[in-house]
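Me: I would like to learn how to read a few features of a structure, taking each one from the general idea to the particular case. Could we work through one together?

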Amino acid sequence: MRKGYLYILTNKPYATLYTGVTSDLPARLDAHRRGVGSAFTRKYGLNRLVYYEIHDLVADAIQRETSIKRWKRDWKIELIEKVNPDWKELDYTLM
């Protein structure tokens with residue numbers, strides 16, 4: 001059984017948001033920061049972790065990602081600001 005992480009990246013507060021999912025958040029963040037994470041994150045320079053959730057199963061994280069990707073932008077911003085009101089870059093071990 002593998003844990004899953006839902007995460008949201010940006011490059012600055014209130015800018016472009018990227019929602020992703022992974023089973024290895026540190027490795028995935030490293031890939032994004034080296035510019036090999038995804039074409040979208042590379043194009044917009046999205047490498048600041050501003051939100052994440054830990055799920056017991058990767059499948060649950062994927063389901064949550066699918067749901068959040070359908071949300072209005074304002075809802076995503078509200079979700080981020082509940083746990084990270086200053087949009088600081090999070091260390092994946094802090095939440």
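Reply: What follows is a walk through the sheet, one helix, one loop residue and some aromatic rings, in a model that is predicted.

Me: Let us begin with the sheet: in what order do the strands lie, and which are the edge strands?

Reply: One lists the strands as they lie side by side and then asks how each one pairs. Here three strands form an open sheet in the order β2-β1-β3, and the pairing is antiparallel. The edge strands, β2 (18-22) and β3 (48-55), each pair on one side only, and neighbouring strands are turned against each other by 20° on average, direction ignored. Between β1 (residues 4-10) and β3 the antiparallel pairing runs over seven bridges, with G4 standing opposite H55 in β3.

Me: Which strands does helix α4 touch, and why do its buried residues line one face?

Reply: An α-helix has 3.6 residues a turn, so residues three or four places apart point the same way. In this model α4 (residues 73-83) packs on the sheet, where it touches β1 and β3, and its direction makes about 85° with that of β3. Its buried residues include K76, I77, L79 and I80; seen down the axis of α4, the buried residues fall within an arc of 160°, and so they line one face of the helix. The face turned away from that buried side carries the exposed residues D74 and K82, while the cover over the buried residues includes β1, β3 and α3 (58-69).

Me: Where is N47 found, and what does it touch?

Reply: For a loop residue, one looks at its contacts with residues that are distant in sequence. N47 is found in the loop between α2 (39-44) and β3, and, leaving aside residues up to four places away in sequence, it touches L9, T10, R33 and E89. The C-alpha atoms of N47 and H32 are separated by 5.9 Å, although these residues are 15 apart along the chain. At 34% relative accessibility, N47 counts as partly exposed.

Me: How many aromatic pairs are found, and why is the pair of Y7 and Y18 called tilted?

Reply: One considers both the distance between ring centres and the angle between ring planes. The whole structure holds five aromatic pairs. The rings of Y7 and Y18 have centres 6.2 Å apart and planes at 50°, so this pair is tilted; it links strand β1 with strand β2, 11 residues apart, and both Y7 and Y18 are buried. The rings of F40 and Y44 are also a tilted pair, because their planes are at 50°, with centres 4.9 Å apart. Ring pairs link Y7, Y18, F40 and Y44 into a cluster.

Definitions and conventions: Residues numbered from 1 in each chain as written. Predicted model: local features only at pLDDT ≥ 70, side-chain atom pairs only at ≥ 80, totals over all residues. Heavy atoms only, no water. Pairing = 2+ DSSP bridges. Helix = DSSP H or I, 4+ residues; strand = E, 2+ residues; numbered from the N terminus. Axes fitted to C-alpha atoms, helices over the stretch in contact; angles between N-to-C directions. Contact = heavy atoms within 4.5 Å. Buried < 20%, exposed > 50% of the residue type's maximum accessible area, 1.4 Å probe, protein only. Arc of directions from axis to C-beta. Phe/Tyr/Trp six-rings, centres within 6.5 Å; stacked < 30°, edge-to-face > 60°.
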